[in-house]
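Please look over the structure shown below before reading on. The report that follows takes up its confidence, its salt bridges, its surface, its strands and its cysteines in turn.

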Amino acid sequence: MTEQESNLSETLSRIKAEYQSRYGMDMDEWSAVMMADNQKAFDEIRQWLARHFEEARKLRATFKGSIKQVTFASGKQAFLYGLGRLIPPSTCALILGICCYVYMSTYKDYQELERLVDAYANMPLYEQLVVDGQLTEEKGVTYLVLSPAKSAKHRIGKTYEYDSRNKVVRVPLKRQE
């Protein structure tokens, strides 16, 4: 008989004896084997729990030392403390948000202007006309008001010249230098 078999027979005998002393009845061999298996499983569970309880105890000790408890004499002090802790990050977030908004709105405006200039290559020539031109509105229509030009005295955005031969109105946009 090997050592393991002798240990098993001792364990079974011990279980039978314990059962008989407790309940006053004999236990059969299979019931003793089942009880031995159950005891082994419960011993493994106990060891596992003991290991985890020890880990939990160590973690609890670690947390207990690292948590800083703050108490205040009044609600006002607590409010001001919380405000002092939250205002710097909130202010940073607000400033960052405003900067992003300004950048994006300026960028979109710039993109729109760039699109217009690219779409209309002659747009820079109309700049003086737009700046100096006078507008009126009559019956829901907006007009650019110009005066006839006196001989060779063109004022950009103010005068026009009528070409009767071609029957067109010419509006000066830029002076040649």
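## Confidence of the model

This is a predicted model, and the mean pLDDT of the protein is 82, with 94% of its residues reaching 70 or more. Confidence is not even along the chain: the lowest mean, 74, belongs to α4, whereas the highest, 88, belongs to helix α3, which covers residues 75-119.

Helix α4 spans residues 127-132 and includes valine 130. With a relative accessible area of 65%, valine 130 is exposed. Tyrosine 101 is 29 residues away from valine 130 along the chain, and the C-alpha atoms of these two residues are separated by 29 Å.

## Salt bridges along the helices

The count of salt bridges comes to five, and three of them are described here, beginning with the pair in helix α1. Glutamate 18 forms a salt bridge with arginine 22, and the closest N and O atoms of this pair are 3.6 Å apart, which falls within the 4 Å cut-off used for a salt bridge. Both residues belong to helix α1 (residues 3-23), and because they are four residues apart there, glutamate 18 and arginine 22 are separated by about one helical turn. Glutamate 18 is partly exposed, at 38% relative accessibility, while arginine 22 is exposed, at 57%.

Helix α2, which runs over residues 29-66, holds aspartate 43 and arginine 46, three residues apart and therefore separated by about one helical turn. These two residues form a salt bridge in which the closest N and O atoms are 2.8 Å apart. Aspartate 43 has a relative accessible area of 41% and is partly exposed, whereas arginine 46 has 53% and is exposed. Further along the chain, the side chains of glutamate 54 and arginine 57 meet in a salt bridge with an N to O distance of 2.4 Å. Glutamate 54 and arginine 57 are also in helix α2, where a spacing of three residues puts about one helical turn between them. Glutamate 54 is partly exposed, with a relative accessible area of 32%, and arginine 57 is partly exposed at 41%.

## A nonpolar patch on the surface

Which residues form a nonpolar patch on the surface? The patch is made of Phe42, Ile45, Trp48, Leu49 and Phe53, and together these residues have about 540 Å² of accessible area. Phenylalanine 42, one of the residues of this patch, is found in helix α2. With a relative accessible area of 48%, phenylalanine 42 counts as partly exposed.

## Strands and their pairing

Strand β1 (residues 134-138) pairs with strand β2 (residues 141-145) in the antiparallel sense, over five bridges. Within this pairing, threonine 136 has tyrosine 143 in β2 as its bridge partner. The two strands form a hairpin with two residues between them, and lysine 139, which lies in the turn, has a positive phi of about 55°.

A further set of strands makes up an open sheet of three strands, in the order β3-β4-β5 and with mixed pairing. Its edge strands are β3 (147-148) and β5 (168-170), each of which pairs on one side only. Strand β3 is joined by two bridges to strand β4 (residues 159-163), and these two strands run parallel. Across this pairing, proline 148 stands opposite tyrosine 160 in β4.

## Cysteines without disulfides

How many disulfides does a search of the whole structure find? The search finds zero disulfides, and the distances between particular cysteines bear on this result. For cysteine 92, the closest cysteine sulfur is that of cysteine 99, and because the two sulfur atoms are 11 Å apart, they are too far from each other for a bond. Cysteine 99 is likewise in no disulfide, and its nearest cysteine sulfur, that of cysteine 100, is 7.0 Å away, whereas a disulfide requires the two sulfur atoms to be within 2.5 Å.

As for accessibility, cysteine 92 is exposed, with a value of 54% relative accessibility. Cysteine 99, at 46% relative accessibility, counts as partly exposed.

Notes. Residues numbered from 1 in each chain as written. Predicted model: local features only at pLDDT ≥ 70, side-chain atom pairs only at ≥ 80, totals over all residues. Heavy atoms only, no water. Buried < 20%, exposed > 50% of the residue type's maximum accessible area, 1.4 Å probe, protein only. Patch = residues over 30% accessible without salt bridge, like charges linked within 9 Å, V, L, I, M, F, W, Y side chains within 5 Å. Areas by Shrake-Rupley, 256 points an atom, 1.4 Å probe, with all protein chains shown as cover. Pairing = 2+ DSSP bridges. pLDDT = per-residue confidence, 0-100.
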